[in-house]
Amino acid sequence: MIRYKSNLIILMVSRVVSPFIMLFALYVIFHGHYSAGGGFQGGTIMAASLLLMRLAAGREIAQLQFRTILGTPLGSIGVLIYFGTGFMAMLAGGEFLNYGFLPFAGFQAAELRSLGILMVEIGVGLAVMAILVAIYDDLLEGYPHD
Amino acid sequence: MKIINWLLLISFGALLVYASFGLPNRGDADAVMHREKSPAGSQGASSYYIRNAYKDANTPNMVTVILADYRGYDTLGEETVILTAGLICFLILRRKKKNSDDPI
């Protein structure tokens, strides 16, 4: 079995690159209204940054960044954000997922739809990021850690 | 048997290539799916989306509007699929603590 050996160059490059990947992921999520992007793509890029630290620094240090136990609950919270956005619109008098009825004062219906799309994208991004990291951690379960 | 397999494979591939000639050209404005009315006479969805996406949602990116607003149920289902995949991986691969000295 190949043992993992700590490599200083890989660790340093990953430490420098990982925050920029995270920043780009946030850009992709929040700029989905104006260019190519959105929740799925941004969540995947965010997960790539977390997985890079998991691969480069090993399990112990990566646990400080994103704990294994957080994966599945955060994914559920992401789905709940999506569902809650639709349900809030339903409680406020519209149809399910009709963002024009979201109960925020001082917005036109079109602006409310834009806001609803943003909330939904955040939920999707959170769920995709957490689930991808959780699947990686599950696959690594039982593997001898160093 | 092997020859029959290859013949089936090649004939099916040829059928797919032949069928692809019937597709409309990319960006063809006169294609059936881009017409104002569908062949059944109902209002076409795609032309409505193209005309009204910015007016309805105040968002310049038409794809985002279709993905998250017009087709919101679809995206909710996709996200549920991803969550289900994660939960299944959790249930299958995560081991209980008491079996931790068993061989994998």
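Which residue just after H2(A) takes a positive phi? Just after H2(A), that residue is Gly58(A), with a phi of about 90°.

This is a predicted model, in which local features need pLDDT of at least 70 and side-chain atom pairs count only at pLDDT 80 or more, whereas totals for chains, interfaces and linings use all residues. Residues are numbered from 1 along each chain as its sequence is written, and chains are lettered from A and ligands numbered from 1 in the order in which they are written.

## Helix H2 of chain A

Helices here are DSSP runs of H or I with at least four residues (strands are runs of E with at least two), numbered from the N terminus. Helix H2 of chain A covers residues 39–57, and its 19 residues reach 27 Å from the first C-alpha to the last, close to the 27 Å expected at 1.5 Å a residue; the expected span is 1.5 Å times one less than the number of residues.

A residue is called buried if 20 or more other C-beta atoms, placed from the backbone, lie within 10 Å of its own, exposed if 12 or fewer do, and partly exposed in between. By that criterion the buried residues of H2(A) include Gly39(A), Phe40(A), Gly43(A), Met46(A), Ala47(A) and Met53(A). What covers the buried residues of H2(A) includes helix H1 (8–30), helix H3 (59–65) and helix H5 (109–140) of chain A.

Gly42(A), which is found in this helix, is buried, with 26 other C-beta atoms within 10 Å. Two residues are in contact if their C-beta atoms, placed from the backbone, lie within 7 Å; leaving aside neighbours within four places in sequence, Gly42(A) is in contact with Ala25(A), Val28(A), Ile29(A), Gly37(A) and Gly125(A). The C-alpha atoms of Gly42(A) and Phe101(A), which are 59 residues apart along the chain, are separated by 27 Å.

## The nonpolar core

A nonpolar core is a set of buried Ala, Val, Leu, Ile, Met, Phe, Trp, Tyr and Cys residues joined through C-beta atoms within 7 Å. The largest such core has 42 residues, of which Ala127(A), Val128(A), Met129(A), Ile131(A) and Val133(A) touch the most other members. At least two residues of this core come from each of H1, H2, helix H4 (71–91) and H5 of chain A, and likewise from each of H2, H3 and H4 of chain B. H5(A) gives the most to this core, with 15 residues. Not counting residues up to four places away in sequence, Met129(A) touches Gly43(A), Met46(A) and Ala47(A).

## Chain B and its contact with chain A

The contact between the chains takes 29 residues from chain B and 31 residues from chain A. On the side of chain B that touches chain A, helix H2 (45–57), helix H3 (62–70) and helix H4 (72–93) of chain B each supply at least two residues, and H4(B) gives the most, with 14 residues. By class, that side has 15 nonpolar, 8 polar and 6 charged residues, where Ala, Val, Leu, Ile, Met, Phe, Trp, Tyr, Cys and Pro count as nonpolar, Asp, Glu, Lys and Arg as charged, and the others, Gly among them, as polar.

H5(A) and H2(B) pack at an angle of about 90°, with their axes 6 Å apart, which makes H5(A) roughly perpendicular to H2(B). Axes are lines fitted to C-alpha atoms, for helices over the stretch in contact, and angles run from 0 to 180 degrees between N-to-C directions; angles under 35 degrees count as roughly parallel, over 145 as roughly antiparallel, 65 to 115 as roughly perpendicular and the rest as oblique. In this packing, Ala110(A), Arg113(A), Ser114(A) and Ile117(A) in H5(A) meet Lys55(B), Asp56(B) and Ala57(B) in H2(B).

Within chain B, the axes of H2(B) and H3(B) come within 10 Å and cross at roughly 75°, which makes H2(B) roughly perpendicular to H3(B). By contrast with these contacts, H1(B) is hardly covered, the count of buried residues among its 19 residues being 0.

## Positive phi outside glycine

Most residues other than glycine have a negative phi. The table lists two residues with a positive value.

| Residue | Phi | Place | C-beta atoms within 10 Å |
|---|---|---|---|
| Leu97(A) | about 65° | loop between H4 and H5 of chain A | 23, buried |
| Asn58(B) | near 60° | loop between H2 and H3 of chain B | 19, partly exposed |
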